[in-house]
Number of protein chains: 2
Amino acid sequence: MSFSVQILGSSSATPTKYRNPSAQVLNVRERLFLIDCGEGTQMQMRKYGVKLQRINHVLISHLHGDHYLGLIGWISTLSLFGRTKELHIYADLRLKKIIQEHFFVSEMKLNFELIFHPLSFSANQIIYEDDKISIESFPLKHRIPCCGFVFREKQSELNIKQSAIEKYKFTIEEIKRIKQGKDITTEQGKEIKNNKLTEPLKKAYSYAYCSDTIYDEELVPYINKVDLLYHETTFAKDLQDLAKEKMHSTTVDAARIAKKAKVQQLLIGHFSARYKDVDSLLQECKEVFENSILLEEGEKLKLR
Amino acid sequence: MSFSVQILGSSSATPTKYRNPSAQVLNVRERLFLIDCGEGTQMQMRKYGVKLQRINHVLISHLHGDHYLGLIGWISTLSLFGRTKELHIYADLRLKKIIQEHFFVSEMKLNFELIFHPLSFSANQIIYEDDKISIESFPLKHRIPCCGFVFREKQSELNIKQSAIEKYKFTIEEIKRIKQGKDITTEQGKEIKNNKLTEPLKKAYSYAYCSDTIYDEELVPYINKVDLLYHETTFAKDLQDLAKEKMHSTTVDAARIAKKAKVQQLLIGHFSARYKDVDSLLQECKEVFENSILLEEGEKLKLR
């Protein structure tokens, strides 16, 4: 029952000797989602043991190179390694043309289908939903059309305790009622409370991804009370004017949004190449929002 | 007076944990040429201390992703780091459209001009020439249009020995004649042989790059007697049939071409991801052509 996020790239526009452009893998109960795919993402996956073929959904926040230039190489590798399962891409629809143009000139025929899901940059929308998770996109304010994403795990159904199954030999009808949270009356007329029969419910987690964006309180309703918020912190707080001009955020911007949205934890990244050491950026966040963290590339944060 | 080649990527189609896609930097007397630019080339440049901005000419052999997908990211970085000097790109002209499409959707305006020089895939042609070097492209046989390149250093002019300058106080006319290789007669009627007045000429080196190609004897005239031949060796000799089918070369193919072209030295690369250790590939080459080498990524071979 995983709920974890692994950072593959934490650099902003240009990579450094130590940091790669944006890419993350979210694992929700063994469903893997790739969020952004900067240049070199497939090498990072190799380096950190991500199983390339297990990813079936890729979300691209926007078409700045540091968020998508690794996509074509990764897709080629998937095909060369024999993938036949379709791959879903959630992105600005213009990416479809870019990808098609590449495979046209390279005369490479993929062994699997790419299914494009165009993002809306003017309103929020549910872009994916299954029995375990829903994903909503929402507009971010950046220099070009850009989306954030919020992943909400669904509450898993009640599981009946093994001991209760053995003791009471429930009928199918009773099992259904118990899983709905109802109490049960035995043949002897004894009422048994549902919580005696079922395992305690596991918490359903949520994760929001906001990169790239200027400080924008309008995104608070979309990310309200998530368990983990990734918010870009391209610049330290002394570069507030530059952040505004480039439509990026500072450490303090991200921390203020985290506070306003009452999230549990703030994860930062998308660091400008000017910072060799980024610990001071984390400290600036903590001054405003104590529960802030950063991860080294390759590191994984397990919420469960 | 450098003449060196540095390997930034030695993998074929897909990168491995240890090898990156094709890219090399050739340094001819401090003129730097980037040959192919697979995904991650800019990161490799950072890692191995290549000065990004010193490269003014990029040659792309063909439009398979492992030979060009690093180009857009590297160009973006050049611009973000303040480049204003024009950059020359020698490639299939369709690359121009791909690059333009990227900068259109990313709404990024470069601070410098990209100058495209379309390659011919049907005949050899001189694609670059200055006072120090000429570069000729020639067709390779691969699955899509593909070029090889041969870099020929020009013979440097004769340099007059410092001691002779001090002793004879030559006129401008005399200096011109000496630099042309002529002997000199002093006012006293004494003839002085040119080789007494000038430094010995430095050897002019040549380098040929052949990736990707099937075994093809038609390329021998283009690379005849070069000092260093880079020839792809995607496969070991036992995969001859696969090499033919994929229009790539084996170790023995490359070594036979090196032998037929009477080159001084063979440098191999573009190794299939199936080979973790590539020393055995080098051994197979050496059995046919003794003076074969391979370089680790980041390593530089200095001919002078």
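Okay, a quick word on terms before the tour: when I say helix or strand, I mean a DSSP run, at least four residues for a helix and at least two for a strand, numbered from the N terminus. Counted that way, chain A has eleven helices and 16 strands. And keep in mind that what you're looking at is a predicted model.

Let me stay with chain A for a moment. Its C-alpha trace spans about 75 × 50 × 35 Å along the principal axes. The chain has 304 residues, and 59% of them count as buried. If you take the contacts in chain A between residues at least 6 apart in sequence, 65% of those join residues at least 24 apart.

Now the interface. How many residues of each chain are in contact with the other? It's 37 from chain A against 37 from chain B. People often give the size of an interface as the accessible area lost when the parts come together. For chain A and chain B that area is about 2,900 Å², with carbon and sulfur atoms giving 60% of it. On the chain A side, look for Glu39(A), Met43(A) and Val105(A): those three supply 21% of the area that chain A buries against chain B, more than any other three residues.

What about charges and polar groups? The rule finds two salt bridges across this interface. One of them you can pick out like this: find Glu101(A), then go across to Lys97(B), where the closest N and O atoms are 3.6 Å apart. There are also ten residue pairs in polar contact between the chains, counting pairs with both residues at pLDDT 80 or more. As for which helices of chain A are on that side, H1 (41-47), H2 (65-68), H3 (71-80) and H4 (94-105) each supply at least two residues. H4(A) gives the largest share, with six residues.

On to the aromatics. Searching the whole structure turns up 16 aromatic pairs over all chains. Take Phe3(B) and Tyr205(B): this is a tilted pair, 5.7 Å centre to centre, with 40 degrees between the planes. Phe3(B) is in strand S1 (residues 3-9), while Tyr205(B) is in the loop between helix H7 (194-197) and strand S12 (206-210), so the pair links parts of chain B that are 202 residues apart. And are these two buried or exposed? Phe3(B) is buried, at 1% relative accessible area. Tyr205(B) comes in at 17%, so it counts as buried too, given that the cut-off is under 20%.

Next one, Phe33(B) with Tyr128(B). Here the geometry is edge-to-face, 5.6 Å between centres and 70 degrees between planes. Phe33(B) lies in strand S3 (residues 31-37) and Tyr128(B) in strand S7 (residues 125-129), so this pair ties together parts of chain B 95 residues apart in sequence. Phe33(B) is buried, at 0% relative accessible area, and Tyr128(B), at 13%, counts as buried as well.

Over in chain A, ring pairs link Phe33(A), Tyr128(A), Phe151(A) and Tyr207(A) into a cluster.

Last stop, charges over rings. In chain A, the charged end of Lys203(A) sits over the ring of Tyr205(A), 5.0 Å from the ring centre. In chain B, Arg83(B) has its charged end over the ring of Phe112(B), 5.5 Å from the centre.

That's my tour, happy to take questions.

Note on methods: Residues are numbered from 1 along each chain as its sequence is written. Chains are lettered from A and ligands numbered from 1 in the order in which they are written. This is a predicted model: local features need pLDDT of at least 70, side-chain atom pairs count only at pLDDT 80 or more; totals for chains, interfaces and linings use all residues. Side-chain values use heavy atoms; hydrogens and water are left out. Rings of Phe, Tyr and Trp (its six-membered ring) pair if their centres lie within 6.5 Å; planes under 30 degrees apart count as stacked, over 60 as edge-to-face and the rest as tilted. Buried means under 20% relative accessible area, exposed over 50%, partly exposed in between (1.4 Å probe, protein chains only). A charge sits over a ring if NZ of Lys or CZ of Arg is within 6 Å of the ring centre and within 35 degrees of the ring normal. Contact means heavy atoms within 4.5 Å. Buried area is the accessible area (1.4 Å probe) that two parts lose on being put together, summed over both. A salt bridge is a side-chain nitrogen of Lys or Arg within 4 Å of a carboxyl oxygen of Asp or Glu. A polar contact is a pair of N or O atoms within 3.5 Å; within protein, one must be able to donate a hydrogen and the other to accept it, and residues adjacent in sequence count only if both atoms are side-chain atoms.
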